[in-house]
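Let's take a walk through this structure together, one stop at a time. Have the sequence and the 3D view ready.

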Amino acid sequence: SRHVVRAGRFETERTYIMIKPDGVQRGHVGEIISRFEKKGMVLKALKTYQCPKAVAEEHYKDLSSKPFFGDLVNYICSGPVVAMIWEGPGVVKSARLLIGATNPLESAPGTIRGDLAVEVGRNVIHGSDSVESAEREIELWFGDKAGVVDWTPTITPWVRE
Ligand code: GDP
Ligand code: MG
């Protein structure tokens with residue numbers, strides 16, 4: 001598939017991960033990044049960003065008919081987010097497992113939302129729900145390619161077979 005990029009000899013995919021304003025304000029940036037690093041995923045881009053309303057609306061356009069859409073857009077634009085691209089084998093699904101269920105009260109302990117959040121409207125982090133969504137979201141948030149680096153960590157053969 002054209003979504004599969006080759007990092008050296010290792011087949012990988014990319015996902016869009018965003019620490020939402022509550023996660024940033026509460027000081028969970030390091031904690032959240034650490035979980036992805038420890039898992040063995042590779043950071044390919046990272047920026048702080050004050051999201052304009054139009055970008056939040058585009059990001060969540062599939063939810064535009066929901067009653068909470070206005071609150072959601074205001075929440076995402078309420079302070080800086082940390083926008084990231086993470087790469088690794090099956091990273092889209094793996095990241096969703098690390099993140100946990102949308103409603104933090106139903107997220108398993110050990111997941112990011114399960115450990116750090118209690119409200120669906122303050123659930124700390126976003127992760128793309130499919131490879132296609134990831135591609136769309138990476139284009140939306142990193143379309144200018146600024147800060148996006150294609151690299152392979154030297155330890156990769158100790159993480160990947
Ligand atoms: P996600 O992929 O797990 O983030 O969940 P969705 O794509 O279904 O929803 C996107 C985001 O909208 C969620 O992460 C929540 O921040 C928010 N959201 C979803 N459902 C609700 C809801 O019922 N009420 C409120 N206030 N926010 C919601
Ligand atoms: Mg979603």
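Lys-20 sits in the loop between strand 2 and helix 1. In this predicted model, Lys-20 has a relative accessible area of 4%, and because the cut-off for buried is under 20%, Lys-20 counts as buried. What is Lys-20 in contact with, leaving aside its neighbours within four places in sequence? Its partners include Tyr-60, Tyr-75, Ile-76, Arg-113, Asn-123 and His-126.

Two of those partners, Tyr-75 and Ile-76, lead us to helix 4, which spans residues 69–76. Buried in this helix are Phe-69, Leu-72, Val-73, Tyr-75 and Ile-76. Looking down the axis of helix 4, you will find these buried residues within an arc of 160°, so they line one face of the helix. They pack against strand 2 (10–19), helix 1 (21–25), helix 3 (53–59) and strand 4 (81–88).

Just ahead of that helix, in the loop between helix 3 and helix 4, you will meet Phe-68. Phe-68 is partly exposed, with a relative accessible area of 41%.

Lys-20 and Phe-68 also appear in a UniProt record: the "binding site" annotation of an unreviewed entry covers them along with Arg-96, Thr-102, Arg-113 and Asn-123. The lining of the largest pocket takes in Lys-20, Phe-68, Arg-96, Thr-102, Arg-113 and Asn-123 from this set.

That pocket has a volume of about 630 Å³. Of its 27 lining residues, Tyr-60, Leu-63, Leu-72, Thr-102 and His-126 lie nearest the centre. Helix 4, helix 5 (91–99), strand 5 (125–127) and helix 7 (131–142) each supply at least two residues of the lining. By character, the lining divides into eight nonpolar, nine polar and 10 charged residues.

Methods:
Residues are numbered from 1 along each chain as its sequence is written. Chains are lettered from A and ligands numbered from 1 in the order in which they are written. This is a predicted model: local features need pLDDT of at least 70, side-chain atom pairs count only at pLDDT 80 or more; totals for chains, interfaces and linings use all residues. Side-chain values use heavy atoms; hydrogens and water are left out. Buried means under 20% relative accessible area, exposed over 50%, partly exposed in between (1.4 Å probe, protein chains only). Helices (H or I, at least four residues) and strands (E, at least two) are DSSP runs, numbered from the N terminus. The arc is that of the directions from the helix axis to the C-beta atoms. Contact means heavy atoms within 4.5 Å. On a 1 Å grid over the protein atoms alone, a cavity is a set of points where a 1.4 Å probe fits but cannot get out, and a pocket is an open set with protein on both sides within 12 Å along at least five of seven lines; lining residues have an atom within 4 Å of a point. Grid points are joined across faces, edges and corners, and a volume is the space filled by probe spheres set on the points. Ala, Val, Leu, Ile, Met, Phe, Trp, Tyr, Cys and Pro count as nonpolar, Asp, Glu, Lys and Arg as charged, and the others, Gly among them, as polar. UniProt positions are given in the numbering used here, feature names are shortened, and annotations may be inferred rather than shown by experiment.
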